Amino acid sequence: MVPRDVDVVVIGGGAMGLSTAWWLAPRARVVVLERFEAGHHRGASHGDERIFRYLYADPTYVEMAVAADEGWQRLERDAGRPLFHRVGSIEHGTADGELSEMTQVAQQFGVATEVLTASDATDRWPVMRVAPGDTVLMQPSAGWVRAADAVESLAARATAGGADLRFGTRVSAIEVDDGGVRVRASDETYRASAVVLTAGAWTADLVPGVSLPPLTTTEEHVFFFRPDPKIARTAVPSFLHLHDRTIYGLPTPQGLVKLGEHHTGEITTGDDRTFAADPDRTARMERYVATWLPGLVPQMVSTMTCLYTSTPSHDFVLDAVGPVVVGTGFSGHGFKFVPEIGRCLANLALGEPPPHPRLTLEQHRQPRQRIRV
C-alpha cells in the first residue's frame, strides 16, 4: 500500500485532538484518526458540560486558563453558537491558605476575584450551604462550557479548515524514521512530519519510543440532581467544595446540576471500564446534597461515568520527542483548557518549542507535589 502523505497525523478525535486539528488545519495538511465513532462515550470528552475556572496555586495553569478563555471566545465566534456560560464559579471549604494563594496568583494575571463570607455566599446563592467561618472565593467571569457542543464545533471548524477526520479508524502502529513518522491504520498508511497523540486512556499503548510518566486511568462517577423550585431562586454557579474530599458542581443544559467527587474512581483501562453505577457512591452523594445543597432535591435523577487519565502529580504532559508530540495526563481537570492545549500541541507539531516548560517530559522526571484542584 502506497502511504498517503500529510503534514500531521492526530491520533484521538476527542476534544484535545479536534482542538489540535482546528489550530493546525489552516497551516498544514492534517488527518485525525479516531478509533471510535464521532461523539462516542468511551473516553474523557463525553458529556454535555464541563466546569470552567481560573484559580490554581500554580501560575502555569492560571496563565493557560486565561489563554483558554480567549480560545473559547474565538471558537464561539467561528462556530456561531454559544459555548461558554459565565454564571460565576466559587470555591470554599477548609483550604483557606490555598484559597489565599490562589487569589494572589490570580491577581498576577488580571483574573478578577471576590472574597465573601459564608453568610454573604448563602444569601447570594441559597441553593448551597457554606460552613460558618469558611472563606468563599468567587470568580465572576468563570462558569461552565457546553462540552458536547464544543466537541461538535471543533470538528466542524477543523473540517472547514481542511482537516480530514477519520472516525472508526483504529491505529495499529506508529513508526518513527529519519523522515518523520509512518502511521498504520485500519484502512491506510500515512506518512507525516509529525504525529500528535491525544488518545487519552489509550495513549501509553500507542506512543512509540517515548518515556512517559506513569499514567493511571480511573473510572469516575458523576451525578445529576434537580433544583428545588421552592429554594433555588437564583442561577446555580459552578463550584468547588474543598473539605474531606473535593466535590465539584455545575449547571447543565437540561437545567439539572451535575455533581462529582474528584479523583475517587476505581483504577481501570480504556477497554476494561464497566460503565456501571455504584449504589454506595450514589447514597454518599445524596447525603452530601441533603447536607450542603438545600436548593437541590436530594434524590439522584441519573448518573454516568467518565475516565480520568492522570499523572502522579496531576500535571499535564505537553511535549515533543522528535516528530512525536504527546498531549496526555489531563487528570480530570483538562477540559477547560481545550482551546489552549490544542494551540500548544499544534505549535509543537509544527516544530515550535514547548510553550509551557513546566509540563514537559523532562520536568515530569523531577520530584513534584501533586497539584490541588
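Begin by selecting Ser331, which sits in the loop between β22 (324–328) and α8 (338–349). The model on your screen is a predicted one, and every stop on this tour should be read with that in mind. Although Ser331 is not a glycine, its phi is positive, at about 55 degrees. Most residues other than glycine have a negative phi, which is the reason for pausing here. Ser331 has a relative accessible area of 1%, and because buried means under 20%, this serine counts as buried.

Move next to His314, in the loop between β20 (302–310) and β21 (317–321). Here again the residue is not a glycine and yet has a positive phi, this time of about 70 degrees. With a relative accessible area of 7%, His314 is buried.

From His314 you can step to one of its contacts, Tyr61, a residue that belongs to helix α2. Tyr61 has a relative accessibility of 0% and therefore counts as buried. If you display what surrounds Tyr61, setting aside its neighbours within four places in sequence, you will find Tyr56, His314, Asp315, Phe316, His333, Phe337, Arg358, Leu359 and Ile371 in contact with it. Choose Asp315 from that group and compare sequence with space: Tyr61 and Asp315 are 254 residues apart along the chain, while their C-alpha atoms are 9.4 Å apart.

Now widen the selection to the whole of helix α2 (residues 59–79) and add helix α5 (residues 147–160), whose axis comes within 10 Å of the axis of α2 and crosses it at roughly 65 degrees. Because angles of 65 to 115 degrees count as roughly perpendicular, α2 is described as roughly perpendicular to α5. The crossing of these two helices is left-handed. To see where they touch, show the side chains of Trp72, Leu75, Asp78 and Ala79 in α2, together with those of Ala150, Ser153, Leu154 and Arg157 in α5, since these are the residues that meet. Coloured by character, the residues of this contact divide into 5 nonpolar, 1 polar and 2 charged.

For a helix that is mostly covered, select α1 (residues 15–24), where 10 of its 10 residues are buried. Going along α1, the buried residues are Ala15, Met16, Gly17, Leu18, Ser19, Thr20, Ala21, Trp22, Trp23 and Leu24.

Then turn to a strand, β6 (residues 89–93), and pick out His92 within it. His92 has a relative accessibility of 2%, so it counts as buried. Leaving aside neighbours within four places in sequence, the residues in contact with His92 are Leu99, Arg129, Val130, Asp134, Thr135, Val136, Leu240, His241 and Leu242. For a view across the model, draw a distance from His92 to Val2: the two are 90 residues apart in sequence, and the separation between their C-alpha atoms is 58 Å.

Finish with two cysteines, Cys306 and Cys344. Cys306 has a relative accessibility of 15% and so counts as buried, and Cys344, with a relative accessible area of 0%, is buried as well. How many disulfides does the structure hold? The count is 0, so there is no disulfide to look for when you display the cysteine sulfur atoms, given that a disulfide is a pair of them within 2.5 Å.

Definitions and conventions:
Residues are numbered from 1 along each chain as its sequence is written. This is a predicted model: local features need pLDDT of at least 70, side-chain atom pairs count only at pLDDT 80 or more; totals for chains, interfaces and linings use all residues. Side-chain values use heavy atoms; hydrogens and water are left out. Axes are lines fitted to C-alpha atoms, for helices over the stretch in contact, and angles run from 0 to 180 degrees between N-to-C directions. Helices (H or I, at least four residues) and strands (E, at least two) are DSSP runs, numbered from the N terminus. Angles under 35 degrees count as roughly parallel, over 145 as roughly antiparallel, 65 to 115 as roughly perpendicular and the rest as oblique. A crossing is left-handed if the near helix is turned anticlockwise from the far one by less than a right angle, and right-handed if clockwise. Contact means heavy atoms within 4.5 Å. Ala, Val, Leu, Ile, Met, Phe, Trp, Tyr, Cys and Pro count as nonpolar, Asp, Glu, Lys and Arg as charged, and the others, Gly among them, as polar. Buried means under 20% relative accessible area, exposed over 50%, partly exposed in between (1.4 Å probe, protein chains only).
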